[in-house]
Amino acid sequence: MQTAKQMIEFSIKSGHPEKQRTGCMILGVYNNRRLSPSAMVIDEVMDGYLSKVLRRGDLEGKMGQHLLLSNPEGISAERVLLLGCGRERELGDKNYHKLWQHCIKTLNNLGVTEATSYLPQLNVTGRSVYWRIRHAIEAVEQQRYRFNQLKTEKDKSQNKRLLRKITLMVNSRKELDDAEQASLHGQAIAQGVKFTRDLANLPPNICTPSYLASQGKQLCMLHENLSCAVLDEADMEELGMGALLGVARGSREPAKLISLHYQGGDKSEKPVVLVGKGVTFDAGGISLKPGAAMDEMKYDMCGAASVFGTLATIAQMRLPINLVGLMPCTENLPDGNALKPSDILTSLSGKTIEILNTDAEGRLVLCDALTYSAKYEPAVVIDIATLTGACVIALGKVAHGLFSNHSPLVSDLLAAGQQSADRAWEMPLWDDYQELLDSPFADMTNVGGRPAGSISAACFLSRFTKDYQWAHLDIAGTAWVSGSPKKKGATGRPVALLTQYLLNRLEKQQNTNNA
Ligand code: BES
Ligand code: MN
Ligand code: ZN
């Protein structure tokens, strides 16, 4: 289980750069050897030493460049690390993240254990000090992340001295309050993201539905306002969750419906419900998937993992809101007892579903969880799922696919994605697509064919979400990165987006209460 101790220590300060005692002072240099404002102050104290070094041509200032100066004279820092920031005008969200990544890589290569950074003082287009501090922390922790709990010989980098503490400098005392708030939020998000990545990266022989249930119980022990309940197959049988149980039939691991309840607000206040797809391995069932890259289907529980991470984040922040996480968890495997194409299931809603492809199992486990979520009288329901390969084709690994039956919710989620650098993009959910699911024998089929594959999947879900405001995030392209061993792994998305949405929602509420 994740603990804050594994993270580095962050502190926030304002003050004169020349007086900072530190192992390494980090300063930005823009393109064409232009010093950032804090670098200019240091340059003056050092009698123009920095400008002299730059004039010599040792650092152009391009993004990705750096220059280390040891034992600088006239200041209380052991080293100065100059980092190229590129053109000032082009320093937006993405380059700011890149800059921090490069910074942490460099510090770790050097074996610096403590540093003071002036990067948060840089101008990032349209971004406040809150944003710059929060995203600095998120980027640092993102970069430091390793998943080696199952390696007997740890990475070589683990034996080296690693960064333990970093001080983030802001421009003035006036900014300290916002910056401190950002620091708390950034650390809570980073910790939630790490939790999500760890769960997702675990292999499916360890991370089973029962394992996830035990993680839910453990998480609740850490937070007073958090409680956990787990429905087993007998409970689901009694309730009539025929769709979820249909998928579970092919697996020897018992299915679990995990619910996490965070109560930070008034009891009477309606909760936001997050529903996360928790298929701990998706082999496709009888409609077996091809072998190539099938290992990546351990990531088919990333929706559930992101719900875990978001609840952990919100509980850590102690936000005064009510939040429910609901995670239908099972494997999807072929077996003598597995679902067959042409089987017809009766879902919890009473609606019947003709199975045409057992590999379209995500919508089956989700539809019962979505029906069940009505019992919480939700203010809003958002489901998060690695639902369709078609979404990867449509949006790649950049944006989550966003579908909703309520347009203000779309705007809120799009905006939250922009703010948190964890973006979603809206896809249509028009009635015209619904006929793709027509069945001659049941209320609907579970697949709508290859064209518009992610839309027909969302249409399927929309039939179970008519009673409340609902959005669906298809994270099939964004939940993990495939490729080389160095890059491969879970991303922890969309924990940041969901947290931002909840922060914004709270702020809006508090504003209307005060008005
Ligand atoms: N978990 C998969 C979707 C998926 C595939 C996510 C590849 C990420 C990468 C889902 O259960 C699935 O198999 N969907 C099918 C649906 C089809 C049978 C209608 C798909 O996308 O191929
Ligand atoms: Mn599948
Ligand atoms: Zn799946």
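**Exercise 1.** Sort the shell around ligand 1 by residue class.

*Solution.* The shell around ligand 1 holds five nonpolar, four polar and seven charged residues. Here Ala, Val, Leu, Ile, Met, Phe, Trp, Tyr, Cys and Pro count as nonpolar, Asp, Glu, Lys and Arg as charged, and the others, Gly among them, as polar.

The model is predicted: local features need pLDDT of at least 70, side-chain atom pairs count only at pLDDT 80 or more, and totals for chains, interfaces and linings use all residues. Residues are numbered from 1 along each chain as its sequence is written, chains are lettered from A and ligands numbered from 1 in the order in which they are written, and side-chain values use heavy atoms, with hydrogens and water left out.

**Exercise 2.** Find which residues come nearest to ligand 1 and list polar contacts of ligand 1.

*Solution.* Step 1: there are 16 residues around ligand 1 (a heavy atom within 4 Å), and K289, D300, D359, E361 and G389 come nearest.
Step 2: look for polar contacts, which are pairs of N or O atoms within 3.5 Å. The side chain of D300 has an N or O atom 2.8 Å from a nitrogen atom of ligand 1. For E361, a polar side-chain atom is 2.8 Å from an oxygen atom of the ligand. G389 uses a polar backbone atom, 2.7 Å from an oxygen atom of ligand 1.
Step 3: taken alone, ligand 1 exposes 510 Å² (Shrake-Rupley method, 1.4 Å probe), and the protein buries 78% of that.

**Exercise 3.** Describe the pocket that ligand 1 takes up.

*Solution.* Step 1: ligand 1 takes the space of the second largest pocket. On a 1 Å grid over the protein atoms alone, a pocket is an open set of points where a 1.4 Å probe fits, with protein on both sides within 12 Å along at least five of seven lines; lining residues have an atom within 4 Å of a point. A molecule sits in a pocket if more than half of its atoms lie within 2 Å of its grid points.
Step 2: the volume of this pocket, the space filled by probe spheres set on the points, is about 1000 Å³.
Step 3: the lining has 39 residues, with K289, L387, T388, G389 and A390 nearest the centre. α11 gives the most, four residues.
Step 4: by class, the lining has 16 nonpolar, 13 polar and 10 charged residues.

**Exercise 4.** Where is the cis peptide bond that leads to P494?

*Solution.* The bond runs from R493 to P494, with omega near 0 degrees.

Definitions and conventions
A polar contact is a pair of N or O atoms within 3.5 Å; within protein, one must be able to donate a hydrogen and the other to accept it, and residues adjacent in sequence count only if both atoms are side-chain atoms. Helices (H or I, at least four residues) and strands (E, at least two) are DSSP runs, numbered from the N terminus.
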